[in-house]
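Hi there,

I'm passing this structure on to you, as promised. Please have a look at it first, and then read my notes below.

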Amino acid sequence: MTRPVLFDLDGTLVDTPNAIVENFTATLAELGVPAASPEEIRSTIGLPLEKAFTQLIGVSAPAATVDAAVPCYQRLYRELIVPKAQSLLYPGVVDGLARLSEAGLLLAIATSKHTASAEVLLTAAGIRDRFAMVVGADAVTEPKPAPETGLLIAAELGHPADRAIMVGDTTHDISMAHNAGMRSVAVTYGIHSSDQLAAVRPTWTVSDFPAVVELVLRAG
């Protein structure tokens with residue numbers, strides 16, 4: 001049954017979207033740039049931080065302001081979100097990851113976060129030891145929705161990409177799976193709506209994490 005199962009992090013394993021909106025808002029305030037609406041911020045979740053801040057601050061802003069945004073965000077993230085990580089895990093994640101590991105599946109994280117931030121969050125949430133690999137946007141040349149993250153993980157874990165399954169809550173996750181030749185599970189409890197996810201044609205769609213686990217265990 002051994003095969004890779006890749007998971008997005010924010011909005012898939014950890015209920016961080018609202019906290020992320022607060023974190024972006026605090027970062028923009030600290031930088032002294034105009035505030036963005038919660039809707040505008042939510043639309044950037046799933047993008048690498050550099051792209052998200054360029055979109056929110058605007059291309060006309062000084063490059064130094066965008067450059068300063070990422071370390072500022074990461075500092076506030078460690079201060080505001082990481083201490084709450086365990087309480088932010090979606091229902092069924094702890095037990096579900098244990099079942100998948102015990103079934104012999106190779107679990108990995110494929111995230112648009114920086115790898116170090118993902119490692120810190122996973123450790124604080126108490127689930128880091130379930131994953132063979134954590135690959136963030138800074139570990140690849142082209143992050144999601146490009147296929148590089150998924151292909152890197154599959155190669156490192158010693159399996160062809162078509163044996164892998166990607167689980168995520170955004171169109172970026174599902175498109176990465178398509179581009180890498182992987183099957184995909186879209187979860188509807190995270191960032192993107194059911195309609196948005198349906199538009200990028202996931203292999204399967206589920207509404208909670210226990211359903212992810214049952215589906216992955218049954219998949220050939």
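Before the charges come up, a word on how they are counted: Lys and Arg are taken as positive and Asp and Glu as negative, while His and the chain ends are left out. Counted that way, the protein carries 15 positive and 24 negative charges, and the mean positions of the two sets lie 5 Å apart. Please keep in mind that this is a predicted model.

Now for the overall fold. The protein has 11 helices and six strands. Its radius of gyration is 17 Å, close to the 17 Å that the globule rule gives for 220 residues, so the protein is as compact as a globular protein of that length. The C-alpha trace spans about 50 × 30 × 30 Å along the principal axes.

On packing and surface, 54% of the 220 residues are buried. If you take the contacts between residues at least 6 apart in sequence, 65% of them join residues at least 24 apart. The accessible surface is about 9100 Å², and carbon and sulfur atoms account for 53% of that area.

One residue I looked at in detail is Ser117, which sits in helix H7, covering residues 115–125. Is Ser117 buried or exposed? Its relative accessibility is 14%, and buried means under 20%, so Ser117 counts as buried. Apart from neighbours within four places in sequence, Ser117 is in contact with Gln74 and Tyr77.

Happy to talk it over whenever suits you.

Best wishes

Key. Residues numbered from 1 in each chain as written. Predicted model: local features only at pLDDT ≥ 70, side-chain atom pairs only at ≥ 80, totals over all residues. Heavy atoms only, no water. Helix = DSSP H or I, 4+ residues; strand = E, 2+ residues; numbered from the N terminus. Rg over C-alpha atoms; globule rule 2.2 N^0.38 Å. Buried < 20%, exposed > 50% of the residue type's maximum accessible area, 1.4 Å probe, protein only. Contact = heavy atoms within 4.5 Å. Areas by Shrake-Rupley, 256 points an atom, 1.4 Å probe, with all protein chains shown as cover. Charge placed at Lys NZ, Arg CZ, Asp CG, Glu CD.
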